[in-house]
Amino acid sequence: MCDLHDSSDHDHAIQTADGLSRRRIMQVLGAAGIATTVMAATVDPAMAATSDEAAGLVEADATAYAPPQGLAEDSAAKRTALSWIDQNASRITALNDEIWEHAELSLREWNSSLAEADFLRKAGFDVKFGTAGFPTAFTATYTRGKGGPVIGFSGEYDALPGLSQNKGVGEHDPKVYIHDPFAPGYGPGHGCGHCSLGTAAAAAAAAVAEAARRHKLDVTVKFFGSTAEEQLIGKTYAVSKGVYEGLDAFLDWHPSPGTGTGWGTTNAMTAVTFTFLGVAGHGGTPLGNKSALDAAVMMATMSEFLREESMAPSARLHWVINNGGDIPNVTPEIAEISYYVREGSVARVTSLLDKVIAVSKAAATASNTSVQHRITSACWNQLPSKAFAELMYDNMRQIGPPVFSADAQRLAKQLQASLGLPEYGLHASVGELAPPNPLFLGGGSTDVADISWQVPTVSMGVALAPIGSKMHTWSTASCAGSSPAHAAIKTAAAYLAATAVDLLVKPELLRGIKAEFEQRTKGLTWKTALPEGYEPPMYEPPAWFLKKTGQHWPPKNITWPPRRVVSKEKFASLGPALEPQV
């Protein structure tokens, strides 16, 4: 930890690999004062822990970094795991396609969770539903021997609203179209590829279990079927309840437009919903009505003014009005606007969130309505692991990139043409492993981040979507249920399984990974970003699902039914009546 004063010599001494001084980095990130720049290590331990310098991992010449080779071992156990994936390829892709067809939204993945759990049960895992009280979350466990490491895999299976798309079709063609004359729309779809994410992770877990059986390796393999990743709810709450305690290593992947891994960080995030309450009335006689929608619109507008002076390049702020009324001639009595507030750490999120809350109060005052807010989820920035990423990369390099068929490449180019992108097809190589950019400019968030502060965690991506495209699009949904996903799943499962097996046959690798984790987290105590007394949102499951999974409703950790939100506002006063002028 150090303070940086006005010293050009000191600045020069700590120039980063790309020529940016730490003073300049902190100025861009918005952490610099007028006279003195304070290092992130002093101000923000959560950000400092993600830096290689804090972990004592800085190269003498960062520009000359070369990934180590020889970490991944061509062991008999690894060959068994990879062979299992090859031999069960049709079952694995069938699981993906089944979950893709269900396209179930967050917290309601009834059929998808069952399909994934059944796959693992047939592979010899013990399955228990209701993890952390979530009906569609489950933990699948396989144990061989005693005293072996506990290896965790991350599974997700929720779809996104409005991204329905027919599989393998190169233009926008929703599979489910909502025929509403006033509000047409599309059904849910796997625009983030979670059908593939959970499938490949389940296949990897099963492959590692098979290798342990065949080669008498002591290990406990745990697969965590997680609900509501798209809302960043499932894992963050489960971590706060100790679900991921006792793990030695955790492996995670995500579909992507490219294939690669690294040890960068992510944005911390808080999701918050503001509810404005007014008084309904006929739109033709609006005097005295109180429009909650007016308040939501004012809040949305005012929050945009935060961008210039209150948001560093690492910050993100996005919103949607999820309830704005039903018909124009009824003044909306209730309106809701939801925000995702992202920044480089929980502390920086809190600073920006306070400003957003202040905006909500101003909007309520200006519209003569009342406002309340509830935090629906909150997560940390991800803690990286350089040693784990290097091991993963060595396996990716040895196994090679996904092999896409001509049909897969043709589909990708059709999608790129539909989106106005260059027709490059699918990424067919493994991206080079390189140190993260020292200038963190923000981006997405993940609830895997909270797990990364409990146990060494590695994340990687495998190409499933066309080059130049983005996740959370209908084009990704087209790929996720067809040939691009089938190739990506097999490759992702191989990467995950191979890396996990190396931890078993080369225990010194796991010791090194855990030593880095201890160094990064030294002196830092993780605490959930969820508020005190937080109750996770849930939907009541259908009776058949509860019966099939052996659960009872409601779980003990929520209040059911939830508290009703009812406006008690009164019509606005216009002051004394005016006497008619004769």
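Two strands are said to pair if DSSP finds at least two bridges between them, and the helices (H or I, at least four residues) and strands (E, at least two) named below are DSSP runs, numbered from the N terminus. Residues are numbered from 1 along each chain as its sequence is written. The structure is a predicted model, in which local features need pLDDT of at least 70, side-chain atom pairs count only at pLDDT 80 or more, and totals for chains, interfaces and linings use all residues, while side-chain values use heavy atoms, with hydrogens and water left out.

The pLDDT is the predictor's confidence in each residue, from 0 to 100; its mean over the protein chain is 92, and 92% of the residues reach 70 or more. Over residues 1-29, however, the pLDDT is below 50, and this stretch has 53 contacts in the model beyond near neighbours in sequence, where contact means heavy atoms within 4.5 Å. The pLDDT also stays under 50 over residues 31-41, for which the model has 24 contacts beyond four places in sequence.

One open sheet is formed by four strands in the order S12-S13-S11-S14, with antiparallel pairing. Its edge strands are S12 (316-323) and S14 (370-379), each of which pairs on one side only, and the twist from one strand to the next averages 20 degrees. Within this sheet, strand S11 (residues 268-277) and strand S13 (residues 334-343) pair in the antiparallel sense over ten bridges, and alanine 268 has glutamate 343 in S13 as its bridge partner.

Two helices are placed against these strands. Helix H12 (residues 346-367) packs on the sheet and touches S11, S12, S13 and S14, its direction making about 10 degrees with that of S11; axes here are lines fitted to C-alpha atoms, for helices over the stretch in contact, and angles run from 0 to 180 degrees between N-to-C directions. Helix H10 (residues 292-304) lies across S11, S12 and S13 and runs at about 20 degrees to S13.

Two packed helices are described by the angle between their axes and the distance between the axes. H10 and H12 pack at an angle of about 135 degrees with their axes 8 Å apart, and are therefore oblique to each other, since angles under 35 degrees count as roughly parallel, over 145 as roughly antiparallel, 65 to 115 as roughly perpendicular and the rest as oblique. Their crossing is right-handed, that is, the near helix is turned clockwise from the far one by less than a right angle, an anticlockwise turn being left-handed. The contact is made by Ala295, Met298, Met299, Met302 and Ser303 of H10 together with Val356, Val359, Ser360, Ala362, Ala363, Ala366 and Ser367 of H12.

A second open sheet has seven strands in the order S3-S4-S8-S5-S9-S15-S10, and its pairing is mixed. Strands S3 (126-129) and S10 (260-261) stand at the edges with a single partner strand each, so one side of each is left without a neighbour in the sheet. Strand S5 (residues 150-156) pairs with strand S8 (residues 219-226) in the parallel sense over seven bridges, and serine 154 stands opposite phenylalanine 224 in S8.

Helix H17 lies across S5, S8, S9 (249-256) and S15 (457-463), running at about 155 degrees to S15. The axes of helix H6 (residues 89-102) and helix H17 (residues 483-505) come within 10 Å and cross at roughly 125 degrees, and H6 and H17 are therefore oblique to each other.
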